[in-house]
Amino acid sequence: MQWLLVAVGVAVPLIRIYATWLDGWKPVASWRAADWVDFASDAAIVSAAWTGVVLIRRGYFARAVWMFVGVLLASAAAAYAETGYRLSPPDPLPILIMAAGGIVLGRRALWVSYSSLVGIFALGQLADATWLGGPQHGQWAAFRTLPMLALAYGVVALILDRAIAALRTALRQAEERAHALAEGNRRLEREMEERARTQSQLIHSQKMDAVGRLASGVAHDFDNVLNVVLGYAAQREELADRGTPALLTALEGIELAALRALSISRKLLNFSRHDAEELHVFDADEALGELEPMLHQLLGRYAKLHIARPRHAIPLRLNRGQFELMILNIAANARDAMPDGGSFDVRLSVDEDRNEVTLRLSDNGVGMTDAIRQKMFEPFYTTKPTGSGTGLGLSIVASMIEAAGGSVEVISAPGEGTEFVLRLPRAPTAH
């Protein structure tokens, strides 16, 4: 609409300048009433156009359009009253008035514009029949074209009315769809936030479950540490008789035992902490090495642990707690699959061609059938007796690997053990 107003505000003065150049300049003193009406109409239209631009830019859209249409109608009425309808040239202004009023302001403005235009045509023909000296063969002869004009412009108005109705219906439907889409996006965002919170809680729950499984082994380890300390304490008199070197040796043994207990307790506290699941780059080789004591405690003395790692930095962009939890979950399942003992192997390597970190975790337990393997990553699916498992461990492993952009492959058969092959993207650098 602003472009239309600007075009009118520029075109009308240019047309007037061109017409003056063609017809020659008339002194103002020689202007007739028709010349003054023509000049005043052009001035009013140009003023209305530029005023409308200002009003629209200030937010008064409907007011600007009503004012512009009103000035056009008033100018047309003044022109027809002064020059009549009979001598008027073909004028696109009526169509412009109806289109601008109807499309921008609605059906009411369209039909008001149409009625006003029919009245203006009647005014021009009345001028032809009366004060402008119309045809002499009958006063009403000048009105013979009015019904045809009313019908023709009525058809145009009807077409515009239907087109405007269809356009506004389409716009309303588009707005409804946009509103529904926005509401759907908001609902999806809420569901995604809720899912993220739920997954974070599940991961923390799995951590606490793993800590619970480690409790008996940790208690046994702490018992050994305390026995060492109590043993040195029971020999305090004998050690005192041996002198300072023996006491220093005993204190060194107590210190080593206490450091081992402190290392285990700190590892458990760090692992069970409910941190935000932020991604960061860490050394997978170092993390696996620090996790080895916890794996020993989890597997117990009946399952042998073998860890093969390259002993050099392997950068991974992942949450370290999730990385450790994946290994502990799979190790716990391996322990349950080896009730009579066995071995659990962990192999960490780098695939240089694919720029991936490969982690293989295998056991020689009872294995799985194809039916179990196809459903093993489904939430709450478990083959363990009631009260022995939640069925969430492997589901969480799969979701964490997927979120990290990796993949997991399971190789298993009844009686032949199980191997998990975890592939994760290697990070460029470690921090």
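Accessible areas here come from the Shrake-Rupley method with a 1.4 Å probe, and for residues only the protein chains shown count as cover. With that in hand, start with the whole protein: its accessible surface comes to about 25,000 Å², and 60% of this belongs to carbon and sulfur atoms.

A word on the model before you click further. This is a predicted model, in which local features need pLDDT of at least 70 and side-chain atom pairs count only at pLDDT 80 or more, while totals for chains, interfaces and linings use all residues. Residues are numbered from 1 along each chain as its sequence is written, and side-chain values use heavy atoms, with hydrogens and water left out.

**The whole fold**

Colour by secondary structure and you will find 12 helices and 7 strands. Helices (H or I, at least four residues) and strands (E, at least two) are DSSP runs, numbered from the N terminus. Of the 431 residues, 37% count as buried; buried means under 20% relative accessible area, exposed over 50%, and partly exposed in between (1.4 Å probe, protein chains only). Contact means heavy atoms within 4.5 Å. Among contacts with a separation of 6 or more, 71% are between residues 24 or more positions apart.

**Stop one: helix H1**

Select residues 2-23, which make up helix H1. H1 has 22 residues and reaches 32 Å from its first C-alpha to its last, close to the 32 Å expected at 1.5 Å a residue; the expected span is 1.5 Å times one less than the number of residues. Now show the side chains of Leu5, Val8 and Val12, together with Gly9: these are the buried residues of H1. They pack against helix H2 (33-57) and H3. Just after H1 comes Gly24, whose phi is positive, near 90 degrees.

**Stop two: a nonpolar patch**

Switch on the surface and pick Val10, Leu14, Ile17 and Trp50, which form a nonpolar patch with about 390 Å² of accessible area together. Patches are made of residues with over 30% relative accessible area and no salt bridge; like charges are joined within 9 Å, and nonpolar side chains (Val, Leu, Ile, Met, Phe, Trp, Tyr) within 5 Å. A salt bridge is a side-chain nitrogen of Lys or Arg within 4 Å of a carboxyl oxygen of Asp or Glu. H1 gives the largest share of the patch, 3 residues. Trp50 is found in helix H2 and is partly exposed, with a relative accessible area of 38%.

**Stop three: an aromatic cluster**

Next, select Tyr80, Phe121 and Tyr153, which ring pairs link into a cluster. Rings of Phe, Tyr and Trp (its six-membered ring) pair if their centres lie within 6.5 Å; planes under 30 degrees apart count as stacked, over 60 as edge-to-face and the rest as tilted. By this rule the count comes to 5 aromatic pairs. Tyr80 and Phe121 have ring centres 5.9 Å apart and planes at 85 degrees, so their pair is edge-to-face. Because Tyr80 lies in helix H3 (residues 61-83) and Phe121 in helix H5 (residues 107-129), this pair ties together parts that are 41 residues apart in sequence. Tyr80 is buried at 8% relative accessible area, and Phe121 is buried at 2%. Phe121 also forms a tilted pair with Tyr153, 5.1 Å centre to centre with 45 degrees between the planes. Tyr153 lies in helix H6 (residues 146-234), so its pair with Phe121 joins parts 32 residues apart in sequence.

**Last stop: Ser343**

Finally, go to Ser343 in strand S4 (residues 342-351). At 19% relative accessibility, Ser343 counts as buried. Leaving aside neighbours within four places in sequence, Ser343 is in contact with Lys304, His306, Met338, Ser362, Asp363 and Asn364.
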